[in-house]
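Here are a few notes to read alongside the structure. Have it open as you go through the points.

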Amino acid sequence: MKAGTRFLIGAGVIAAAVAWLMVQGVRETGVFYLTPTELASKVAADSSFYDLGVKVGGAKVVPGSVVRDAASRQIDFRMSDGQQVYPVSYRGLVPDTFTDASDIEVIVEGHLGRDGVFHATEVLAKCGSRYEAAAEEEARRA
Amino acid sequence: MTFLGTFALWTALLVGLWGAVVAFSGRWQWQPALERSVTRSVYAVWFAVAVAAFALWRGLFAHDFNIEYVWAYTARNLPDVFIATAFWAGQKGSLLLWALVLTLFASLAQFLTPRRYAPLLPYVAGVTQAVAVFFIVVMLFAANPFERLAFTPLDGRGLNPQLQHPGMIIHPPMLYLGYISFTIPFAFAVAALLSRRLDTGWIFAIRKWSLVSWLFLSAGITIGMWWAYVELGWGGYWAWDPVENASLLPWLTMTAFLHSVMIQEKRGMLKRWNLTLVVATFLLTIFGTFLTRSGVIASVHSFTQSPVGWYFLGFLVVAGTFAYTLLHTRWPELAPEAELESMLSREAAFLFNNLLLVGVAFSVLWGTMFPIISELVQGTKLTVGPPFFNRVNVPLGLLLLGLTGIGPLIAWRRASRANLKRQFTLPLGAGLLALVASLVAGMRELYPVVTVGLAGFVGAAIVQEFGRGVRARMRMYGDSLITALARLVGRNRRRYGGYIVHVGILCYCVAFAGMAFRTDLEATLKPGESVSLASPFGHTWTFTHTGVSQYKDANRYVSQAALRLDREGEDLGLLTSEKRQHFTLEDGVEVKSFEASTEVGLRSDLREDVYVVFEGVVNGTEEAQYRFTINPLVWWVWFGGLVLVVGGLITMWPGGGGPVAPARRALAADARPAGAQPAEALSDA
């Protein structure tokens, strides 16, 4: 067998391995990424979306809704995309950018319980390098 | 100043257009005056952009808050060094920085390129001018840094405190330098295709440029990791965030190119592949900018608050179509001059290295774009996070690590049994020893154990290479050990510099494996209370909270929590972590700016980092909330970065160890297909 042919076989094996790793990776680690409104319509259509790990984005913290209990590191707040509001329950540390002062965009990961509360395992707020859009927006209004 | 800046940008736009149009028209081939005009237009555009940059800096230092950009990113109480670096804190200034560096590199490419590549230079100028024109157009029509406000605020908004960090002073420019300098290799590739000078000449002309680009990008990514680690406070340095992935993608294809180009130099193979890699890398640098600037991935409302992302997407499509068409029409002229002779050869090792690097790049691109892909295909957005990237890339990365050891050991063309035995016995033995040692030490996780084994193999392979070279010199020339080592590296800079880079990569891999053993703990402590955390190295850390102090600094209020560190009864002093609240002055009144930010408490040694985040106090008392993390081997990431940069600098240092390949190429001249010219012939043309 020519070396070129052997190499092509080897290349095929590597390509197949990469493809297999990716398919498996998506199947086992992929999560839905929904806005609160989309999540609401998903659970309405299919109740198995309760308790399913999802990521919710496109939502903002409802100003003034944040309740922190420092001793137990428990944080409760409400998030909304303007149409659908969900209470969120989270235990752990949140990034510095997370406040309820102005409209802070959040991305939460966790599951929606049947009690209608979103139990978050991770809370992200917009990070430093992405401040710009908001700053420019503000500048235009100023 | 804004008039000067805008005027300079318009001048640059018109001159750049002239240069690009004349260069691509090809008329300079008959009119030497036009050729000179093209070259001069490159210098002129650089000068005009430099004037614009000066105008922006002038505005920043003059606190001219009527300029929107100055208002948005600085304040009166901002330290000077951050006023200077606020130049690239925002999108508009970043674009100006990009244009400034691009035109500088374009000028250097015209000025520094040896005369024998002169026939390529007008085309190179055409490409760099076209890219520069694109950036200037974006600034003038979508993101003008000289835009004025309707009124003049008394003070600016100040710089985001997370950007007030030494890492942020150098990280963005480093990344930009890496991204931008790759425009030059792309320009030479296009020039070679346009002029049909498709021999190896252009490859030699860009060797230094691609190394420069790779080095800046590597350093930029590493500094970005350092910044994220010490400033963002989540305890790690790599999160597979789209912004990070965007910088990794061109790095991967560039790394592939740096290896595969050696095969083209030696054997005249892989011409098509190399051109494709250069084009892909350039497009990925633009794609990265598009991804980070458009908000297409980060934001759920996908397409863009700012039109800049669209400009980049448009440019990406135009540049991609252009490059594809060009490659397509020249494809038949790019036939390989030799064939792969054996799977047991350095060529084969490099080919697999390329496949794996491109495979990693593809999976990272796929994972990053997955929300969009899944929405297009299924109508629902799905995301993948770090678990996906680690699952796919750790095994691929380990295979790459193995090839790092195999590549330098195995012979070109076809390895003989004797060659394999001579080269591999010692390194394989060392690898096996490392593997057994890690198992004896109690490590049981598959990937870290494999990493240690491979690290032993690769490390021994590199040591063996150095050892043999040094011994040979000592025997032949009677040099001392140190002289022999210095001369060995000095005379073969590319080879041994490359090995040193591999040592750096080895450090990274071991450090990444170390992160598999990180442990953390959250605790709320009253003054005097302690908490203990076991290190993966077997000892125990005890943290005693001593109290919280508050003070005021130039532009911020600081709450500082202090801890006493104790390792197995040994007192290692105090460690502090801070919460900072920045403010600006408005009519003499302090106004909060930005959210509070955290300063991490960090104690680093060769084994592990103690990483402490002070999260806040309980109800105004001195009872503090903490998160403690033990991150093993993190120091080796930064050390690996340093080694990598040193190795890279040795590789590209001018002088000795220059291209020996042209001579080899001349020997192979009879094997060359008709129509191709040796590189040397270019100067006669």
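1. Two strands pair if DSSP finds at least two bridges between them; helices (H or I, at least four residues) and strands (E, at least two) are DSSP runs, numbered from the N terminus. With that in hand, look at E1(A) and E1(B): 2 bridges join them, and they run antiparallel. A:Val31 stands opposite B:Thr383 there.

2. A quick word on the basics: this is a predicted model, where local features need pLDDT of at least 70, side-chain atom pairs count only at pLDDT 80 or more, and totals for chains, interfaces and linings use all residues. Residues are numbered from 1 along each chain as its sequence is written, while chains are lettered from A and ligands numbered from 1 in the order in which they are written.

3. Within chain A, strand E1 (residues 31–34) is also joined to E2 by 3 bridges, this time running parallel. A:Phe32 has A:Val54 as its bridge partner in E2(A).

4. Now the two chains together: 56 residues of chain B are in contact (C-beta atoms, placed from the backbone, within 7 Å) with 40 residues of chain A. H14(B) gives the largest share of chain B's side, 10 residues.

5. Which helix of chain A meets H14(B)? Helix H1 (residues 3–29) does, its axis coming within 10 Å of that of H14 (residues 346–378). Residues making this contact include A:Phe7 and A:Ile14 from H1(A), and B:Leu355 and B:Trp366 from H14(B).

Terms used:
Axes fitted to C-alpha atoms, helices over the stretch in contact; angles between N-to-C directions.
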